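Subject: Handover of a structure and notes on its features

Dear colleague,

Please find below the structure that I am handing over to you. My notes on what was found in it follow directly after.

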Amino acid sequence: MSLLPLDDPAPPPPLPVADDRPRPLTSTATRRALTLLPLLLLAVWAAVDWHAVRDGTARLATADPWWLLAGLLFTYLGAVAAACVRQGAVLDRLPPGLLVASQIAAGAANHVLPASIGAHAVTVRFLQRQGVALPRATASVALYSLVRAVAKTPVVLVFLLAAPDAVPAAQLLPEGRTLLLAAVGLLLAPTAAAVLLALVRPLRRPALDFVRTALTDVRRLHTRPSRFLPLWGGALAAPLIQASVVASVGTALGVPLSWPQLLFVYLAASTAAGAVPAPGGIGPVDAALVLTLAGYGTPLSLATATVLGYRVLTVWLPLLPGMLVLSALVQRKHL
């Protein structure tokens, strides 16, 4: 008999452990719910603003259909211009087709949330899906907003210098109190940001990292013509394309104004109402457009019909395709 110790018996096989991870069915159901959410928002939006849709459609029934078709074409060209600016704001090369589709979806989301929050959220998610880090994606959104705001100024100045007689700028300037409030707002915004960073210490490092990332990307983007040309070219074209929608609707309805005057009507109205955070600018821009058209001598009923037609072409007709594109991008995991 051997005196060597016997080998330990083999341990019993481990018992199966219950898998508590969520089943694929759960994630599938969640994704389907997110796919249907934009369509639900569309239905709610239509119920709330049904009168505007009905009245605008009735007015457009008597308009020139070819000019309305041109206005719809300009609406979708606006998504192409936005895609150019988005591409110019990031160093990474983005797929052109998906980028344009994301901007069509972002345009639909922009009419649901105020101050372009919906459009920026869709774009940031799209950029992350394309491998762009969150800090750089956020910095590109800030650069996009800044360039779009800055580029509109030379466009307005060109109209004022090219046709000073056709553009009654003195009648369209806001009152002195409005200008004073705007100046105070411009001064208070950076002051409030500086005070906030001084008082809330945890915000300092993320804010500094964001500014550092943004400045680095801006410097690198402006050394590459393939980036700064679409960035600034798209930003300059965007307000003109949007104004061309108003001009097309005005021409279709027989507004007694020239094409340059109709273009400047939108530029002046959107600039004056741009500080008011509203979904897609709906509300402030509408009122400013009516008042500006009336300031040019357009009958009030015709001015109102023009604005309603503009909203039908830029909001209601593209909204359903935009929501469907948004749902498709979510379903295919591009968002």
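Which residues form a nonpolar patch on the surface? The patch consists of Leu73, Leu77 and Val80, and together these residues have about 240 Å² of accessible area. Leu77 belongs to helix H3, which covers residues 65-88. With a relative accessibility of 35%, Leu77 is classed as partly exposed, because partly exposed residues lie between the cut-offs of 20% and 50%.

Please keep in mind throughout that this is a predicted model.

Overall make-up of the chain

The chain contains 13 helices and zero strands. Read from the N terminus, its elements therefore follow the order α-α-α-α-α-α-α-α-α-α-α-α-α. Of the 335 residues in the chain, 36% are buried.

The salt bridges

How many salt bridges does a search of the whole structure find? The search finds two. As general background, side chains of opposite charge can pair when their charged atoms come close.

One of the salt bridges is formed by Asp92 and Arg136, whose closest N and O atoms are 2.9 Å apart. This pair connects distant parts of the chain, since Asp92 sits in the loop between H3 and helix H4 (96-110) while Arg136 sits in helix H6, with their positions 44 residues apart in the numbering. Asp92 is partly exposed, at a relative accessible area of 27%. Arg136 is also partly exposed, with a relative accessible area of 23%.

Arg136 takes part in a salt bridge with Asp217 as well, with an N to O distance of 3.5 Å. Here too the pair links distant parts of the chain: Arg136 in helix H6 and Asp217 in helix H9 are 81 residues apart. Asp217 is buried, because its relative accessible area is 9% and the cut-off for a buried residue is under 20%. Through shared partners, the salt bridges join Asp92, Arg136 and Asp217 into one network.

The cavity

A probe the size of a water molecule, rolled over the atoms, shows where empty space is left. How many cavities of 30 Å³ or more does a search of the whole structure find? The search finds one, and the volume of the largest cavity is about 40 Å³.

The lining of the largest cavity is made up of Ala89, Arg136, Ala139, Ser140, Leu143, Ala214, Asp217, Val218 and Leu221. Helix H6 (134-162) and helix H9 (204-221) are the elements that give two or more residues to this lining. By type, the lining residues divide into six nonpolar, one polar and two charged. Arg136 and Asp217, which belong to the lining, are also the partners in the salt bridge at 3.5 Å.

Contacts in space around helices H12 and H4

Is Ala288, in helix H12 (residues 284-295), buried or exposed? Ala288 is buried, with a relative accessible area of 15%. Its C-alpha lies 8.4 Å from that of Ala268, and the two residues are 20 apart in sequence.

Asp286 is likewise placed in helix H12. At 16% relative accessibility, Asp286 counts as buried. From C-alpha to C-alpha, Asp286 and Tyr266 are 9.8 Å apart in space, with a sequence separation of 20 residues.

Pro96 is found in helix H4. Pro96 is exposed, because its relative accessible area is 55% and the cut-off for an exposed residue is over 50%. Pro96 and Ala83 are 13 residues apart in sequence, and their C-alpha atoms are 8.0 Å apart.

A backbone angle to note

Most residues other than glycine have a negative phi. Which residue has a positive phi although it is not a glycine? Lys333 does, with a phi of about 65°. Lys333 is located in the segment after helix H13 (300-331).

With kind regards

Definitions and conventions:
Residues are numbered from 1 along each chain as its sequence is written. This is a predicted model: local features need pLDDT of at least 70, side-chain atom pairs count only at pLDDT 80 or more; totals for chains, interfaces and linings use all residues. Side-chain values use heavy atoms; hydrogens and water are left out. Patches are made of residues with over 30% relative accessible area and no salt bridge: like charges are joined within 9 Å, nonpolar side chains (Val, Leu, Ile, Met, Phe, Trp, Tyr) within 5 Å. Accessible areas come from the Shrake-Rupley method with a 1.4 Å probe; for residues, only the protein chains shown count as cover. A salt bridge is a side-chain nitrogen of Lys or Arg within 4 Å of a carboxyl oxygen of Asp or Glu. Helices (H or I, at least four residues) and strands (E, at least two) are DSSP runs, numbered from the N terminus. Buried means under 20% relative accessible area, exposed over 50%, partly exposed in between (1.4 Å probe, protein chains only). On a 1 Å grid over the protein atoms alone, a cavity is a set of points where a 1.4 Å probe fits but cannot get out, and a pocket is an open set with protein on both sides within 12 Å along at least five of seven lines; lining residues have an atom within 4 Å of a point. Grid points are joined across faces, edges and corners, and a volume is the space filled by probe spheres set on the points. Ala, Val, Leu, Ile, Met, Phe, Trp, Tyr, Cys and Pro count as nonpolar, Asp, Glu, Lys and Arg as charged, and the others, Gly among them, as polar.
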